[in-house]
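Welcome, and please have your viewer ready with a cartoon view and a selection box. We will go from the whole chain to a few residues worth clicking on.

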Amino acid sequence: MSGLPQPRLGPYPAFPRPCGARTPHTPLRPMWCCRADGLPWPCADARLLLKAEFDSDPAALTIYLAGLYHEAAHDLYQLNPYDGPAPRELFERFVAWGPFRRPIIDPPPDHESEQE
C-alpha cells in the first residue's frame with residue numbers, strides 16, 4: 001500500500017448504482033474524488049443520479065449523504081490535517097444540495113397575507 005490511511009468501515013458508497021459498462025460515479029476513497037470523471041465527489045452527474053435513484057425516498061438520500069459526509073470528513077482530515085476542507089465546505093458539498101436544503105436567508109414574508 002502507498003501509505004494512505006485506510007478508510008473506516010462507515011457507510012459504503014454504493015450509490016449511485018452503475019449504469020451499463022461505464023465507470024460509476026461513485027467516490028474513490030480516501031480522496032473522495034469521482035471514479036468516472038475525477039471531480040470532487042459528489043460530482044454533478046453523481047448528484048443527478050442520486051436524486052433520480054432516491055426520488056421516492058428523499059429522507060434516505062439525506063441520511064446516506066450525511067453518513068458519507070462524516071466519513072469524508074474523517075478521511076480528508078486524516079490525509080491533510082492542516083489544509084483540509086472546512087466543515088462548511090464539506091457540508092455544502094455533501095449534504096446542503098440534497099432534498100431538505102434551506103435557504104441561507106429566510107425569504108421575506110408575503111405582504112399580501114399580512115394585509116388580510
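One definition before we start: helices, of at least four residues, and strands, of at least two, are DSSP runs numbered from the N terminus. Keep in mind as well that this is a predicted model.

**Stop 1: the whole chain.** Colour by secondary structure and you should find 4 helices and 2 strands. Following the sequence, the order is β-β-α-α-α-α. The protein chain has 116 residues, of which 28% count as buried. If you like contact maps, look at pairs with a separation of 6 or more: 55% of those contacts join residues 24 or more positions apart.

**Stop 2: the loop between the strands.** Select strand E1 (27-28) and strand E2 (33-34), then the loop between them, where Pro30 is found. The peptide bond leading from Arg29 into Pro30 is cis, with omega near 10 degrees. Trp32 is in this loop between E1 and E2 too. Check its backbone: Trp32 is not a glycine, yet its phi is positive, about 60 degrees. Most residues other than glycine have a negative phi, and most peptide bonds are trans.

Is Trp32 buried or exposed? Its relative accessibility is 0%, so Trp32 counts as buried, the cut-off being under 20%. Show what surrounds it: beyond its neighbours within four places in sequence, Trp32 contacts Pro27, Pro40, Trp41, Leu68, Glu71, Ala72, Asp75, Leu76, Arg93 and Phe94.

**Stop 3: a second cis bond.** Move on to the loop between E2 and H1, where Pro42 lies. The bond from Trp41 to Pro42 is cis, with omega near 0 degrees.

**Stop 4: the core.** Now show Trp32, Trp41, Leu50, Tyr64, Leu65, Leu68 and Phe94 as sticks; in the largest nonpolar core, which has 18 residues, these touch the most other members. Helix H1 (44-53), helix H2 (58-79) and helix H3 (87-96) each give two or more residues to this core. H2 supplies the largest share, 7 residues.

**Stop 5: H2 against H3.** Which angle do the axes of H2 and H3 make? They cross at roughly 140 degrees and come within 9 Å. That angle makes H2 oblique to H3, and the crossing is right-handed. For the contact itself, select Leu65, Ala66, Leu68, Tyr69, Ala72, Ala73, Leu76 and Tyr77 in H2, which meet Pro87, Leu90, Phe91, Arg93, Phe94 and Val95 in H3. Colour these by residue type and you get 13 nonpolar, no polar and 1 charged.

Definitions and conventions:
Residues numbered from 1 in each chain as written. Predicted model: local features only at pLDDT ≥ 70, side-chain atom pairs only at ≥ 80, totals over all residues. Heavy atoms only, no water. Core = buried A, V, L, I, M, F, W, Y, C linked by side-chain atoms within 4.5 Å. Buried < 20%, exposed > 50% of the residue type's maximum accessible area, 1.4 Å probe, protein only. Contact = heavy atoms within 4.5 Å. Axes fitted to C-alpha atoms, helices over the stretch in contact; angles between N-to-C directions. Parallel < 35°, antiparallel > 145°, perpendicular 65-115°, else oblique. Left-handed = near helix turned anticlockwise from the far one by under 90°. Nonpolar A, V, L, I, M, F, W, Y, C, P; charged D, E, K, R; others polar.
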